[in-house]
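Student: Please take one strand and give it a close look. Start from its surroundings, then work outward to the loops, the rings and the DNA.

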Amino acid sequence: MSTIPLDLDTLNPRQHEAVVHEGGPVMIIAGAGSGKTRVITYRIARLIQEGTPPWRILAVTFTNKAAKEMRERIEHLVGDQAKDIWMGTFHSLCARLLRMDGMAIGLDRNFVIYDDSEQVSLAKDIIKKRGFDDKAIQPRSVLGEISRAKEQLLSPEKYEERASSFFERTVSGIYKDYQKRLTAANALDFDDLLFKAVRLMDESQVVREKYQDKFLHVLVDEYQDVNLSQYRLADLLSSKHRNLTVVGDDDQSIYGWRGADVSLMMRFSVDHPDANLITLDQNYRSTQNILKGAHSVVRHNRTRNDKKLWTDNGSGELISIGETGTENDEARLVVDTIMREVRTGRRSYGDFAVLYRTNAQSRAIEEAFLGHQVPHILVGGTRFYDRKEIKDMVAYLRVIWNSADEISLRRVINTPARAIGPGAITKAEQFAESQGISLFDAFASPTFEQELTKKTVQGIRNFTKTIEDGIELAEPGPITPVLKHVMQASGYLDELRADRTEEAQARLENLQELVNVTAQYDTDPANEVNLGSFLETVALVSDIDTMKGNGDGVKLMTLHSSKGLEFPAVFLMGLEEGVFPHSRALGSDSELEEERRLCYVGMTRAREALYLTYAQRRSQYGQANFNPRSRFIDDLPREIVDQMPGTTMSAQSFSRPSGTPRLEPLRTGGYAVAEEPREKSAGWTPPFTVGQKVSHRKFGIGIVVACAPLKNDAEVTVAFPGATGIKKMVQSLAKLESV
DNA sequence: TACCAGACTATTTTT
DNA sequence: TAGTCTGGTA
């Protein structure tokens with residue numbers, strides 16, 4: 001067994017302490033770039049070298065990619081043993097636990113995991129069946145509420161007890177049906193994985209003790225982003241040996257919208273009064289200027305433990321700021337800058353990352369990259385597994401694996417068209433209901449066929465035969481033969497081939513790519529080769545997981561996806577009020593604080609160079625908007641910023657919320673009047689400034705999110721508190737008044 | 001039943 | 001702006 005000694009001498013004293021900490025609960029507050037990953041890998045490697053069996057160590061990471069990389073690093077240190085460490089995301093860990101021991105709470109081990117869109121179609125169906133209008137009661141918001149309930153470990157019954165408002169009572173009913181339907185389909189949604197795993201530990205003493213005994217050490221990374229169910233699970237699993245190591249940074253908590261709760265970090269010390277606290281505040285990644293800039297943004301947060309990273313690194317380059325006319329100019333500025341740096345040999349494409357707040361922003365920048373033939377890697381956007389043809393094939397595989405999976409069955413029963421319309425499906429539903437059988441069995445039943453037309457019967461027979469043959473083919477394990485069978489026998493391939501459009505061509509290529517994926521999966525010794533495991537892997541991949549190694553291309557991704565990564569040079573785009581910070585956050589202090597942390601995360605990704613760009617004018621939802629530049633830019637001390645060559649910077653933005661500090665002329669000055677102020681070029685003056693408080697006679701007091709020109713008038717978007725939410729209104733009619 | 005066109009509407013971040 | 005949905009028609 002190859003084991004190399006750890007060079008513990010190269011660690012700073014705090015890191016050293018964190019690595020060698022013997023036992024008992026520890027919380028490591030690890031600032032950005034403080035060598036956190038190194039500490040965790042060393043700690044685990046050391047545990048193994050000191051004799052802890054790897055399979056008795058559990059390490060939870062935020063993404064599958066992080067888990068994979070960490071395992072590889074540990075493998076470098078301790079060799080093959082690293083393969084036996086339990087390592088993965090909370091979700092994949094829970095799937096594994098439930099697959100192995102879910103029977104104890106009545107779970108079938110063949111369960112499938114429903115993703116976002118499957119949840120939506122299920123919720124929609126329930127809302128309709130309950131007689132609601134799916135426009136008045138929106139599936140997404142209902143699902144959001146159900147998700148929050150599950151994160152808080154509230155069962156439908158418990159939720160019902162607490163439900164008071166009309167909305168909550170409505171959700172309560174839907175939540176009940178939703179769970180019923182999931183159970184009938186032998187399916188779990190993302191939140192169920194956690195919810196059920198906690199229930200499994202709570203309810204089955206045997207299982208609980210099995211895992212509590214097993215895990216001598218439990219480590220949780222990105223602890224600032226755990227929700228209550230994850231907190232509980234980590235506690236449950238570590239409660240016997242009490243060797244729980246949690247690592248996080250409250251300044252980097254950016255998943256509050258997903259139920260993550262930073263205050264759980266505080267609770268850790270309450271629940272574990274004997275816990276050690278180790279703070280890593282030396283940054284090894286960034287220049288002083290970058291750290292100074294990032295700190296000047298995040299320090300405005302009220303709910304924050306004041307702390308400051310320091311570094312031995314030099315001050316480095318100034319932070320570059322670029323203002324452009326439109327979002328397309330902004331994209332071109334980014335591309336030009338990158339090309340210049342590459343041409344002069346200072347950097348290669350792979351050194352750059354371009355980060356933005358929302359995926360929608362990626363379009364302009366991607367077009368610019370394509371236009372200039374700059375190699376780039378887009379992370380996220382429409383995921384491979386979200387493409388229609390891929391989802392269709394995966395749905396076929398799911399039905400083969402688990403014929404109770406009704407949502408997948410509905411998806412493919414008539415794809416490609418085989419004369420099984422809504423009429424036939426309703427009949428099958430009724431038949432299934434009356435016979436107490438599953439929808440698939442209803443279709444497969446000869447009795448049922450009598451009521452249908454010849455054509456439909458033929459279609460159903462073809463379909464059920466395809467599935468049944470698939471079940472047989474799936475028996476030995478490998479996925480590829482099953483997939484190929486389905487593509488062929490379903491008529492899916494034939495249909496696409498007959499279609500000579502470019503789109504069909506692209507779909508065919510994607511399907512070929514899927515075959516490549518399964519072929520690779522089948523031959524990878526790390527995998528358990530059966531349909532169930534494959535489907536689970538597919539359900540739990542994230543955008544960042546699919547990012548190809550360190551290929552030489554500019555990485556394009558959202559700020560959220562960039563968490564945990566670092567790059568020599570980073571661009572943050574769209575630094576405009578309403579874009580970043582996002583308009584949805586403008587009305588809420590806590591959400592604004594999260595935006596600040598997000599900015600902090602983005603800025604601290606950069607090692608050497610940081611560029612912040614914004615556009616004076618941006619089309620959003622097909623309309624030109626004039627957003628003032630982001631308050632985050634104005635937070636930066638002026639001695640650490642510089643203006644990008646070839647850009648102008650208005651001395652003050654188009655409209656600043658009153659009282660907000662302004663960026664003053666830089667260095668030699670002279671740029672302030674270099675270009676016509678944009679209100680002139682637009683020929684229009686907005687009635688309000690973004691961020692200003694206004695009152696409406698019906699909705700009360702709100703905050704202006706955006707102003708857009710309308711002939712002789714203005715369209716004002718205002719965020720009102722509570723259920724009213726965001727409203728767009730015409731000024732002459734709404735008669736908003738500033739307050 | 002299938003397809004098309006036009007209307008409509010909703011715009012964050014993701015395991 | 002673009003994606004989704006609905007309703008009408010072939």
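Tutor: Begin with burial: a residue is buried under 20% relative accessible area, exposed over 50%, and partly exposed in between, using a 1.4 Å probe and protein chains only. Helices (H or I, at least four residues) and strands (E, at least two) are DSSP runs, numbered from the N terminus. This is a predicted model, in which local features need pLDDT of at least 70, side-chain atom pairs count only at pLDDT 80 or more, and totals for chains, interfaces and linings use all residues. Residues are numbered from 1 along each chain as its sequence is written, chains are lettered from A and ligands numbered from 1 in the order in which they are written, and side-chain values use heavy atoms, with hydrogens and water left out.

Take strand 7. It spans residues 244-248, and 5 of the 5 are buried, so the strand is largely enclosed by the rest of the structure. In a regular strand the side chains alternate between the two faces of the sheet. Strand 7 splits like this: L244, V246 and G248 point one way, while T245 and V247 point the other. Both sets are buried.

Now its partners. Two strands pair if DSSP finds at least two bridges between them. Strand 1 (residues 26-30) pairs with strand 7 in the parallel sense, over 4 bridges. Here I29 has G248 as its bridge partner. Strand 6 (residues 217-220) also runs parallel to strand 7, joined to it by 3 bridges. L219 has T245 as its partner in strand 7. From strand 6 the chain passes through helix 11 (residues 228-238) and on to strand 7, a right-handed β-α-β crossover. Right-handed means that, with the strands pointing away from the viewer, the path from the first strand over the helix to the second runs clockwise.

The loop leading into strand 7 has its own feature. R242 sits there, between helix 11 and strand 7. Its phi is positive, about 60 degrees, although R242 is not a glycine. At 33% relative accessibility, R242 counts as partly exposed. Elsewhere, L153 also has a positive phi, near 60 degrees, again in a residue other than glycine. L153 lies in the loop between helix 6 (139-151) and helix 7 (156-162). At 16% relative accessibility it counts as buried. A loop between strand 13 (567-572) and helix 26 (589-603) holds P581. The bond joining F580 and P581 is a cis peptide, with omega of about 10 degrees.

The loop after strand 7 brings in the rings. Rings of Phe, Tyr and Trp (its six-membered ring) pair if their centres lie within 6.5 Å; planes under 30 degrees apart count as stacked, over 60 as edge-to-face and the rest as tilted. This rule gives 13 aromatic pairs. One of them is F62 with Y255: centres 4.9 Å apart and planes at 50 degrees, so the pair is tilted. It links distant parts of the chain, 193 residues apart. F62 is in the loop between strand 2 (57-61) and helix 3 (64-78), Y255 in the loop between strand 7 and helix 12 (263-271). F62 is partly exposed at 24%, whereas Y255 is buried at 8%. Y211 and F215 have centres 6.1 Å apart and planes at 25 degrees, so that pair is stacked. Both Y211 and F215 are buried. W257 joins F62 and Y255 in one aromatic cluster.

Last, the DNA. A residue is near a strand if one of its heavy atoms lies within 4 Å of it. DNA strand B has 22 residues around it, and H91, R357, N359, S542 and Y621 come nearest. The nearby surface divides into 6 nonpolar, 11 polar and 5 charged residues. In that count Ala, Val, Leu, Ile, Met, Phe, Trp, Tyr, Cys and Pro are nonpolar, Asp, Glu, Lys and Arg charged, and the others, Gly among them, polar. Of the atoms of DNA strand B within 4 Å of the protein, 49% belong to sugar or phosphate and the rest to bases. For DNA strand C the sugar or phosphate share is 88%.

Individual atoms fill this in. The side chain of H91 places an N or O atom 3.0 Å from a base oxygen of DNA strand B. For H560 the distance to a base oxygen of DNA strand B is 3.4 Å. H582 has a polar side-chain atom 3.2 Å from a sugar or linking oxygen of DNA strand B. DNA strand C is surrounded by K124, R363 and G622. There, a side-chain N or O atom of K124 lies 2.5 Å from a phosphate oxygen.

Technical notes
Polar contact = N/O pair within 3.5 Å; in protein donor to acceptor, adjacent residues only side chain to side chain.
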